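Biologist: I have a model open on my screen and would like to learn how to read it. Could you walk me through it, one feature at a time?

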Amino acid sequence: PQAHQREGDVLQRRGGQWLSAAPALQWRYQTDALSNRNGPATSGLRENEVGVELPLWRWGQRDAAEAEGEKAQVYAQQYRQWQAWQIAGEVRDLFWQEQLQAWLVAQAEVDVAAFKALENDIERKVKAGEVAPLERLIAENARRERELLRHEAESQHIDVQFRWRTLTGLGALPLHGEEIQVSDSKPWPPLLTAQAWAERQQELVKGLKAQRSGSPKLLLGSRRERSQNEVVDSVGVTITLPFAGQTHAQAQHLPAQLQLAEAEDSVRREQRAASMAHHEAHHELNARAPALQQLTARLALAEQESRLTRQAYQLGETSLQERLLGEQRYADIARQHGSAKIAWQWAIARFNQAQGVTP
């Protein structure tokens with residue numbers, strides 16, 4: 001952003017200059033000493049000429065240059081806002097990824113504890129001679145499966161934590177990252193940036209068209225001519241005005257015109273991207289709410305089923321397979337429910353991001 005801002009400042013200052021480019025100093029010396037047969041001592045001519053070449057603006061060229069500087073400053077501001085918005089989106093997504101992985105680790109700990117409790121119940125039954133030792137192996141296998149899921153969740157959590165530290169430079173997450181759904185909407189920042197860039201390219205093309213074949217130049221010079229008999233001082237004015245050469249001028253303008261065409265195409269792409277982003281954000285937010293309600297109801301049923309299955313197994317009224325199915329079903333639904341709650345908050349953050357609002 002600072003580089004774009006400096007560029008805009010320089011371009012605008014250039015538009016306020018009296019000259020279209022940097023002036024040049026010219027000096028010319030002429031003598032006939034080398035071609036005089038009588039030698040340098042009898043040389044008949046010596047000329048010294050000093051002049052300043054001043055590049056001038058063509059009609060409308062200076063206004064176009066100043067307008068380009070103004071558009072460049074506008075683009076620099078939009079670029080800064082776009083960059084802040086883009087970084088905010090990365091931080092938002094990474095924050096909720098970390099929240100999700102941290103919750104999955106915590107839920108995996110709960111699952112491992114539940115399956116350890118089941119393994120302890122079976123161990124007591126084996127010692128009491130109520131069940132066969134095979135059931136202890138089955139319970140141990142189920143517990144180890146949950147420990148593997150916990151290990152995978154911890155590994156993914158470590159990766160997300162590293163990405164968070166790398167992106168933000170912070171060792172810990174903020175205590176409160178939940179967002180409230182915004183009601184107002186701002187223009188899509190990438191679209192504003194693309195429009196600002198296209199407007200700047202338009203002014204650049206206008207300036208090149210105003211320049212046409214090239215900038216005229218004014219040469220102010222002073223000449224002193226020495227001969228054997230006299231010394232003559234004079235002042236000269238020379239104007240250089242490029243003309244014709246339409247093909248050459250068009251060739252010089254082609255890169256800027258191509259950039260303008262690409263900028264206008266980028267505006268159309270960002271218009272479609274803005275429409276798609278708003279649609280996806282609304283759709284995701286509307287889809288997450290009923291899904292969370294369904295999982296909340298399922299979690300209540302699974303919790304009740306798990307409690308009753310545990311009691312029935314303690315009383316010997318049900319088999320180990322039914323107990324395992326109940327534990328697995330409750331663990332899976334609990335993980336889905338917690339993930340859905342985080343996904344709901346994540347959807348709000350994405351909705352706010354699509355609305356162009358930074359946290």
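Modeller: Happy to, and keep in mind that this is a predicted model. Let's begin with the largest pocket: H2, helix H5 (246–314) and H6 each supply at least two residues of its lining.

Biologist: How much space lies in the largest pocket, and how many residues line it?

Modeller: The space comes to about 240 Å³. Its lining counts 15 residues, and those nearest the centre are Trp188, Ala277, Arg350, Gln353 and Ala354.

Biologist: What classes of residue does that lining have?

Modeller: Seven of the lining residues are nonpolar, six are charged and two are polar.

Biologist: Now the interior. Which residues make up the largest nonpolar core?

Modeller: The general idea is to look for buried nonpolar residues joined through their side chains. Here there are twelve, including Leu94, Phe95, Trp96, Leu104, Ala153, Trp164 and Trp346. At least two residues come from each of helix H2 (61–127), helix H3 (133–168) and helix H6 (320–354).

Biologist: Which helix gives the most to this core?

Modeller: That is H2, with six residues. Take Leu104 as a case: leaving out residues up to four places away in sequence, Leu104 touches Ala153, Arg335 and Ser339. There is also a second, separate core of ten residues, with Phe115, Val131, Ala139 and Tyr313 among them.

Biologist: Let me try single residues. Is Glu47 buried or exposed?

Modeller: A residue counts as buried when its relative accessible area is under 20%. Glu47 has 10%, so Glu47 is buried.

Biologist: Where does Glu47 lie, and what is Glu47 in contact with?

Modeller: Glu47 belongs to strand S2, which covers residues 46–55. Setting aside neighbours within four places in sequence, Glu47 is in contact with Arg28, Tyr29, Gln30, Arg223, Arg224 and Glu225. With Arg28 there is a polar contact of 3.3 Å between the two side chains.

Biologist: And what is the relative accessible area of Glu305?

Modeller: For Glu305, in helix H5, the value is 32%. Partly exposed is the range between 20% and 50%, so Glu305 is partly exposed. Apart from neighbours within four places in sequence, Glu305 is in contact with Gly326 and Arg329.

Biologist: How many residues apart in sequence are Glu305 and Pro55, and what is their distance in space?

Modeller: They are 250 residues apart in sequence, and 88 Å separates them in space, C-alpha to C-alpha.

Methods. Residues numbered from 1 in each chain as written. Predicted model: local features only at pLDDT ≥ 70, side-chain atom pairs only at ≥ 80, totals over all residues. Heavy atoms only, no water. Helix = DSSP H or I, 4+ residues; strand = E, 2+ residues; numbered from the N terminus. Buried < 20%, exposed > 50% of the residue type's maximum accessible area, 1.4 Å probe, protein only. Polar contact = N/O pair within 3.5 Å; in protein donor to acceptor, adjacent residues only side chain to side chain. Contact = heavy atoms within 4.5 Å. Core = buried A, V, L, I, M, F, W, Y, C linked by side-chain atoms within 4.5 Å. 1 Å grid on protein atoms, 1.4 Å probe; cavity = no way out; pocket = protein on both sides within 12 Å on 5 of 7 lines; lining within 4 Å. Points joined across faces, edges and corners; volume = space filled by probe spheres on them. Nonpolar A, V, L, I, M, F, W, Y, C, P; charged D, E, K, R; others polar.
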